[in-house]
Amino acid sequence: MSAYPDIPEEHLDALAIGPHRDDVELSCGATLVKLRKRGYRVGIADLTAGEMGTRGTAKERAEEARCAARALGITYRVNLGLPDARIEPDAHTMDALIRLIRATRPTLVLAPHPEEGRHPDHGAAGRLVPDAVFRAGLAKWETGQPHHRPLRVIHYMMHSLFLPTFVVDVTEEWDAKMAAIRCYASQLNVPGANPGGEPTYISSPHFLGTIEARGRYYGAQIAATYGEAFYQRELMRVEDPMSLALGSVERFAQKNA
């Protein structure tokens, strides 16, 4: 029998997959809010319960994840219960991901960058998710579910930098992102919270400032206040090259002047 729980079915437009509770919020939380505000059905899947985390407990992080989902306005959130710090390219993990994709049937999947290096689970998830997306579309890969292949995978930025292929203007959604991040009081240095525990990189008083700085940096690249950066492997099809000119940073700088 599989160790992970049953995955509730809910057909989504976009599914953000994070190795741990808080990864999605820190990396692409504002983009999820933007998608939701535009009427898309958005969900989050956390691969692990974070039981190996230095600070807090898996139970505390479960409640924090529920708080964060409410802050983002997202009602579908599932945890696959894979072993924290042990995400591996094995049959069990692949089966869990394929079942998730087939249960939610998203058009768009968001995942870590494959070369994300600070935590081994991050890069592992970034490499496994695209493989699972493809295999979920194989009719003869049997899970007892209808096969489904999302149309695109995009990779969000975590700790390691990469050259983005596009940046989303999340200026209006930034406050919701930060409210969701502040739900993780056991992990971060949240004003007014005093969870205690051994200091870590993300519990530093300076860490939230780096999230702010990165958001402002990528926002500046597109003439916005805040931006979230993404990478996609596939080339984009362009029917009208003039649309690229209309989306230039100069045009948006003029509009915001």
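Author: A salt bridge here is a side-chain nitrogen of Lys or Arg within 4 Å of a carboxyl oxygen of Asp or Glu. The model is predicted: local features need pLDDT of at least 70, side-chain atom pairs count only at pLDDT 80 or more, and totals for chains, interfaces and linings use all residues. Residues are numbered from 1 along each chain as its sequence is written, and side-chain values use heavy atoms, with hydrogens and water left out.

Reader: Thanks! Which residue forms a salt bridge with Asp-22?

Author: Start from the loop between β1 (14-18) and α1 (23-37), where Asp-22 sits, and go 39 residues along the chain into helix α2. (Helices, H or I of at least four residues, and strands, E of at least two, are DSSP runs numbered from the N terminus.) There the closest N and O atoms of the pair are 3.3 Å apart, and the partner is Arg-61.

Reader: Is Arg-61 buried or exposed?

Author: Buried means under 20% relative accessible area, exposed over 50%, and partly exposed in between (1.4 Å probe, protein chains only). Asp-22 has a relative accessible area of 4%, so it is buried. Its partner Arg-61 has 5%, which means that Arg-61 is also buried.

Reader: Which residue does Glu-63 meet in a salt bridge?

Author: Look three residues away in helix α2, which means about one helical turn. Glu-63 is partly exposed at 37% relative accessibility, and its partner is partly exposed at 46%. With N to O at 3.0 Å, the partner is Arg-66.

Reader: What is the N to O distance between Asp-95 and Arg-99?

Author: These two lie four residues apart in helix α3 (residues 91-104), so about one helical turn separates them. Asp-95 is buried at 17%, whereas Arg-99 is partly exposed at 27%. Their side chains meet in a salt bridge with an N to O distance of 2.8 Å.

Reader: Which residues are joined into one network by salt bridges that share partners?

Author: The structure holds 14 salt bridges. Those that share partners build one network from Lys-34, Lys-37, Glu-172 and Glu-173.

Reader: How does α2 run relative to α5?

Author: The axes of α2 (residues 58-72) and α5 (residues 174-181) come within 8 Å and cross at roughly 170 degrees. Axes are lines fitted to C-alpha atoms, for helices over the stretch in contact, with angles from 0 to 180 degrees between N-to-C directions. Over 145 degrees counts as roughly antiparallel, so α2 is to α5 roughly antiparallel.

Reader: Which residues of α5 make that contact?

Author: Contact means heavy atoms within 4.5 Å. From α2 come Ala-68, Ala-71 and Leu-72, and from α5 come Ala-176, Lys-177, Ala-179 and Ala-180.

Reader: Now the sheet: which are the edge strands?

Author: Two strands pair if DSSP finds at least two bridges between them. The open sheet of seven strands has mixed pairing and the order β3-β2-β1-β4-β5-β7-β6, with a twist that averages 30 degrees from one strand to the next. Those that pair on one side only are β3 (76-82) and β6 (166-169).

Reader: What is the bridge partner of Ala-14 in β4?

Author: Strand β4 (residues 108-112) pairs with β1 in the parallel sense over three bridges. In one of them, the β4 partner of Ala-14 is Leu-108.

Reader: At what angle does α3 run to β3?

Author: Helix α3 lies across β1, β2 (42-48) and β3. Its direction relative to β3 is about 165 degrees.

Notes
Parallel < 35°, antiparallel > 145°, perpendicular 65-115°, else oblique.
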